[in-house]
Amino acid sequence: MNKSPADPASCDILIDSVIRPLVRGWQAYHVPDAGGMLKLDAMENPYTLPPELHQALAQRLAQAELNRYPVPSYVRLKEAIRSKLGVPDGYDVLLGNGSDELISILSMACAVPGRKVLAPEPSFVMYQVSALAAGLEYVGVPLRADFTLDVPAMLAAMALHRPAITYLSYPNNPTGTLFEAADILRIVQAAAPYGLVVVDEAYQPFAQTSLMQALPQFNNLVVMRTVSKLGLAGIRLGYMSAAPALLREFDKVRPPYNINVLTEAAALFMLEHLDVLEAQAAALRSGRTALMAQLAALDGVEVFPSAANFVLIRVPQADKVFSALLAAKVLVKNAGRMHVLLHNCLRITVSTEEENAAFLAALQAELAAL
């Protein structure tokens with residue numbers, strides 16, 4: 001008797017037939033349930049908007065024409081980004097549904113069998129995932145033990161593999177390291193004959209440094225950012241800039257309506273009130289300094305330098321500490337599971353003074369119990 005097309009066994013056969021083995025072997029991107037938790041695992045801005053801005057934003061969103069498609073050129077939003085966020089004169093931006101979509105666009109635009117993507121490791125996992133999903137090969141180059149960039153190793157790997165795309169997170173996630181700008185530009189120069197260098201500035205509001213103004217010097221440089229870490233994670237908006245001719249090629253593989261009208265309206269509104277978000281970023285920078293000092297004062301805790309809105313630490317028995325924090329309703333990132341260089345490391349989002357204190361108390365209690 002033939003199996004029904006809806007039979008589970010038939011579905012398994014279908015999956016084996018049509019889904020790439022690479023994809024079948026993956027696990028879906030896991031986001032842990034944070035209900036009832038002190039959530040310090042996702043590098044979010046803990047601050048909300050002042051009540052008067054909440055009301056004004058609600059009124060602005062109510063005017064959005066939900067029955068219409070977005071205007072796919074996004075002229076107003078792109079102009080606001082260029083004028084408010086330091087894009088060089090004569091340079092445009094391409095918008096994405098967060099940085100993740102921009103990374104996918106780059107992969108699709110450059111996907112030729114046999115081409116490679118290169119990045120230091122550990123770094124943002126989506127560089128590798130997006131490359132492999134597009135059929136590109138991926139090459140990881142380990143950071144030094146102190147999480148600084150191993151420039152000779154990077155240059156050697158680039159000379160060997162001639163990658164179509166090299167990613168550099170500036171500052172780096174998940175370590176918080178701010179690589180030397182001169183080292184990054186050296187890599188950009190080395191890649192110029194054959195590939196792009198994408199500088200991912202997702203945490204730029206906390207590093208207060210940027211390579212955006214270097215764009216006119218290098219036709220192969222791409223600078224990518226997101227407004228998520230600035231305080232707008234919920235609207236999912238990323239942008240990148242590059243040489244105009246290069247950006248036009250990327251735009252050919254961008255979905256035509258990839259930014260919805262509510263995201264566009266919210267972003268335009270918040271760019272009119274950028275000072276509020278910048279003040280919040282300043283508060284988080286101050287909080288980062290205090291948190292790092294308090295962590296460094298704890299016995300057994302190694303604190304790594306951070307230019308982002310999170311802090312990476314190494315503790316004894318990190319798995320046990322992570323589980324104890326989870327039991328205490330404190331959710332951090334168990335970074336030790338991400339890469340061998342991150343053994344016994346935890347990554348903690350910088351939050352409000354009260355939430356930082358609650359985390360420190362929970363951590364201190366567990367360290368004392370070890």
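Trainee: Which ring does the charged end of Arg347 sit over?

Mentor: Happy to start there, and do keep in mind that this is a predicted model. The charged end of Arg347 lies 5.7 Å from the centre of the ring in question. A charge counts as sitting over a ring if CZ of Arg is within 6 Å of the ring centre and within 35 degrees of the ring normal. The ring that Arg347 sits over is that of Phe310.

Trainee: How many aromatic pairs are there in the whole structure, and how are Tyr69 and Tyr257 arranged?

Mentor: A search of the whole structure gives 5 aromatic pairs. Tyr69 and Tyr257 form one, with 4.6 Å centre to centre and 15° between the planes. Planes under 30 degrees apart count as stacked, so the arrangement of Tyr69 and Tyr257 is stacked.

Trainee: How many residues apart in sequence are the parts that Tyr69 and Tyr257 tie together?

Mentor: Tyr69 belongs to the loop between helix H3 (51-62) and helix H4 (75-84). Tyr257 belongs to the loop between helix H11 (244-251) and helix H12 (261-272). The pair therefore ties together parts whose separation in sequence is 188 residues.

Trainee: Is Tyr69 buried or exposed?

Mentor: Its partner Tyr257 has a relative accessible area of 40%, which makes Tyr257 partly exposed. For Tyr69 the relative accessible area is 64%. Exposed means over 50%, so Tyr69 is exposed.

Trainee: What about Tyr127 and Tyr167: which helix and which strand does this pair tie together?

Mentor: Tyr127 and Tyr167 are a stacked pair, 4.3 Å centre to centre with 5° between the planes. The parts they tie together are 40 residues apart in sequence. Tyr127 lies in residues 126-133 and Tyr167 in residues 165-169, so the elements are helix H6 and strand E5.

Trainee: Which residue joins Tyr127 and Tyr167 in one aromatic cluster?

Mentor: Tyr127 is buried at 1% relative accessibility, and Tyr167 is buried with a relative accessible area of 1%. The residue that forms one aromatic cluster with Tyr127 and Tyr167 is Phe124.

Trainee: Are H13 and H15 roughly parallel or roughly antiparallel?

Mentor: The axes of helix H13 (residues 274-296) and helix H15 (residues 353-369) come within 11 Å and cross at roughly 15°. Angles under 35 degrees count as roughly parallel, so H13 and H15 are roughly parallel.

Trainee: And what is the handedness of the crossing of H5 and H6?

Mentor: Helix H5 (residues 98-110) packs on H6 at about 40°, with the axes 9 Å apart. That angle makes H5 and H6 oblique to each other. Their crossing is right-handed.

Terms used
Residues are numbered from 1 along each chain as its sequence is written. This is a predicted model: local features need pLDDT of at least 70, side-chain atom pairs count only at pLDDT 80 or more; totals for chains, interfaces and linings use all residues. Side-chain values use heavy atoms; hydrogens and water are left out. Rings of Phe, Tyr and Trp (its six-membered ring) pair if their centres lie within 6.5 Å; planes under 30 degrees apart count as stacked, over 60 as edge-to-face and the rest as tilted. Helices (H or I, at least four residues) and strands (E, at least two) are DSSP runs, numbered from the N terminus. Buried means under 20% relative accessible area, exposed over 50%, partly exposed in between (1.4 Å probe, protein chains only). Axes are lines fitted to C-alpha atoms, for helices over the stretch in contact, and angles run from 0 to 180 degrees between N-to-C directions. Angles under 35 degrees count as roughly parallel, over 145 as roughly antiparallel, 65 to 115 as roughly perpendicular and the rest as oblique. A crossing is left-handed if the near helix is turned anticlockwise from the far one by less than a right angle, and right-handed if clockwise.
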